[in-house]
Amino acid sequence: MQVKNLLYALAGAGISAAAIALSKSFSSCSLASPCQSWLSDQALTTLLNHVGGSRGQEVRKAEFLGYHLTNQTEQDPTYQALKDVWKRVAARTQGKLNMVVLAKDAELPGADNEAVLATSGGRFDAVTANAPIFSGIIPQVANIMTLLFAYDSSEEGFWLVNQPTFQQVLAEKGEAFNLTFLPEATFNAGMRVVTSNSTRVFDQPKSIKGFRLRTPPSAVVGKQLKAIGVIPIATPITRLIDAITSGMVDGQENPPSYIESVGINNVNNQISVTNHLWSGFLTAINSQSWNSWPKAWQIIVKEEFKNQQPRQWAQQESLNQTLLQQAPQRLGMLVVRPNLTSLRHDPKLIKAREQVVMTLDPRLQPLARKLMASDASSQATSKP
């Protein structure tokens, strides 16, 4: 496992030096695995017996007790979908595989980037995070999900992540970081929009010049935004509200559902439906944890994620559209739909995007060019 490589890749994303402690060997494991030899059988039994209530019954039944991180809140469709998947897995394994979903990345100070680091190092067993978070460590595949003004809809995202080539490359690139990416466990966050206040509106190519926009910690997204005159301010989602209220940024960009779940509606009063980027969640499991599971468990996990994917996709899309429809009355936010079509033909953006495409595994470059040419729309017929 190349933990040092992962640390260096995440260093520019705001991970503190203290997080380096996570690089020490520490593996999450089953209750019967060698790492539990730190405890005597008697001590382990005593600890298990002191977990009370229904949860105590669950942990005493489990042969593997693990933890799955997501930055979403407990009300979000992604969190709910993950919780539902593991509930079904537990039922099908008679409670032997017990995974707990932890919202808001368990309040880790480094947010998603630290969640990936902690999962790779074995502090946690699984992580679900937006593709830009992974672009620093597996750019050869994650960067295809960071192409600005390339996706016409989230249906094109569904088409992409279910391409066998995409799934194969994703699985290959995670190996160096002790991460096993599940082939059909990519979830939908939706098309991203920009929020701001009426004093600085993100509504036309001229007005976005010099706009200080909070973005996820992704160098490739930032580079493309700079090409169209936007000033990207990379900030972990845990500091998003502070960035807005302090005046560090003029606005932020995220899928619509984030507006209410993160509380953005309390600090911004305008939504620009830019649809500048499709956002999807990749799911990775610590490879040591994954490889310790019986094949029968692995099959069940893959089946349950595959079954959940279209349900989550549809629920997320419905939530995003409902929020945009209700935002004026329920959230007091003005919704504008700017025409930014001309930006697709901006020579500087075209050049910046091509540079991103060249970072991709050669097998994925044809798919990226289909997306940028809008040729994927006609092929995205398998709706979630």
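User: Hi! Which residues lie nearest the centre of the largest cavity?
Analyst: Good place to start, and please keep in mind that this is a predicted model. The largest cavity holds about 130 Å³ of space, and 16 residues line it. Those that lie nearest its centre are Asn71, Asp112, Ile133, Arg214 and Pro216.

User: Which helix gives the most to the lining of the largest cavity?
Analyst: Two helices each supply at least two residues of this lining: α5, which covers 111–121, and α6, which covers 131–134. One of them gives three residues, and that is the most. The helix you are after is α5.

User: How do the residues of that lining divide into nonpolar, polar and charged?
Analyst: The lining of the largest cavity is made of 16 residues. Sorted by type, they come to eight nonpolar, five polar and three charged.

User: Which residues line the second largest cavity?
Analyst: The structure holds two cavities of 30 Å³ or more, and the second largest has a volume of about 30 Å³. Its lining divides into five nonpolar residues, one polar and no charged. By name, the lining residues are Phe149, Phe202, Leu213, Leu225, Ile228 and His276.

User: Where is Phe149, and what is its phi?
Analyst: Phe149 is found in the loop between α7 and α8. Phe149 is buried, because its relative accessible area is 5% and buried means under 20%. Most residues other than glycine have a negative phi. Phe149 has a positive one, near 55°.

User: Is Asp105 buried or exposed?
Analyst: Asp105 sits in the loop between β2 (97–102) and α5, and its phi is positive too, near 50°. For the burial question, the cut-off to use is 20% relative accessible area. Asp105 has a relative accessibility of 2%, so the answer is buried.

User: What kind of aromatic pair do Trp86 and Phe305 form, and why?
Analyst: There are ten aromatic pairs in this model. In this one, the ring centres lie 5.7 Å apart and the planes meet at 85°. Planes over 60 degrees apart count as edge-to-face. Since 85° is the angle here, the pair is edge-to-face.

User: How many residues apart in sequence are the parts tied together by Trp86 and Phe305?
Analyst: Trp86 belongs to helix α4 (residues 77–92), while Phe305 belongs to helix α14 (residues 295–331). Both residues are buried. Because the two sit in these separate helices, their pair ties together parts of the chain whose separation is 219 residues.

User: Is the aromatic pair of Trp278 and Trp313 stacked or edge-to-face?
Analyst: Trp278 lies in strand β11 (residues 278–286) and Trp313 in helix α14, 35 residues apart, and the pair links distant parts of the chain. Both Trp278 and Trp313 are buried. Their rings are 5.8 Å apart from centre to centre, with 25° between the planes, so by the under 30 degrees rule the pair is stacked.

User: Which residues do ring pairs link into a cluster?
Analyst: You have already met two of its members, Trp86 and Phe305. Ring pairs join these with others into one cluster, whose members are Phe64, Trp86, Phe187, Trp290, Trp293 and Phe305.

User: Which residues does Gly251 touch, not counting residues up to four places away in sequence?
Analyst: Gly251 lies in strand β9 (residues 251–254), and at 0% relative accessibility Gly251 counts as buried. Gly251 is 49 residues from Phe202 in sequence, yet their C-alpha atoms are 8.5 Å apart in space. The residues that Gly251 touches are Thr195, Ser196, Phe211, Arg212, Leu213, Arg214 and Asn268.

User: Which residues is Ser218 in contact with, leaving aside its neighbours within four places in sequence?
Analyst: Ser218 lies in the loop between β7 (212–215) and α10 (219–227). With a relative accessible area of 5%, Ser218 is buried. Its contacts are Pro132 and Ser135.

User: What do the buried residues of α9 pack against?
Analyst: Helix α9 covers residues 164–174, and its buried residues are Phe166, Gln167, Val169, Leu170 and Gly174. These pack against α7 (139–142), α8 (154–161), β4 (179–181) and β11.

User: To finish, what percentage of the residues of the chain count as buried?
Analyst: The chain has 16 helices and twelve strands. Among contacts with a separation of 6 or more, 75% are between residues 24 or more positions apart. Of the 384 residues, the share that counts as buried is 56%.

Key
Residues numbered from 1 in each chain as written. Predicted model: local features only at pLDDT ≥ 70, side-chain atom pairs only at ≥ 80, totals over all residues. Heavy atoms only, no water. Phe/Tyr/Trp six-rings, centres within 6.5 Å; stacked < 30°, edge-to-face > 60°. Helix = DSSP H or I, 4+ residues; strand = E, 2+ residues; numbered from the N terminus. Buried < 20%, exposed > 50% of the residue type's maximum accessible area, 1.4 Å probe, protein only. 1 Å grid on protein atoms, 1.4 Å probe; cavity = no way out; pocket = protein on both sides within 12 Å on 5 of 7 lines; lining within 4 Å. Points joined across faces, edges and corners; volume = space filled by probe spheres on them. Nonpolar A, V, L, I, M, F, W, Y, C, P; charged D, E, K, R; others polar. Contact = heavy atoms within 4.5 Å.
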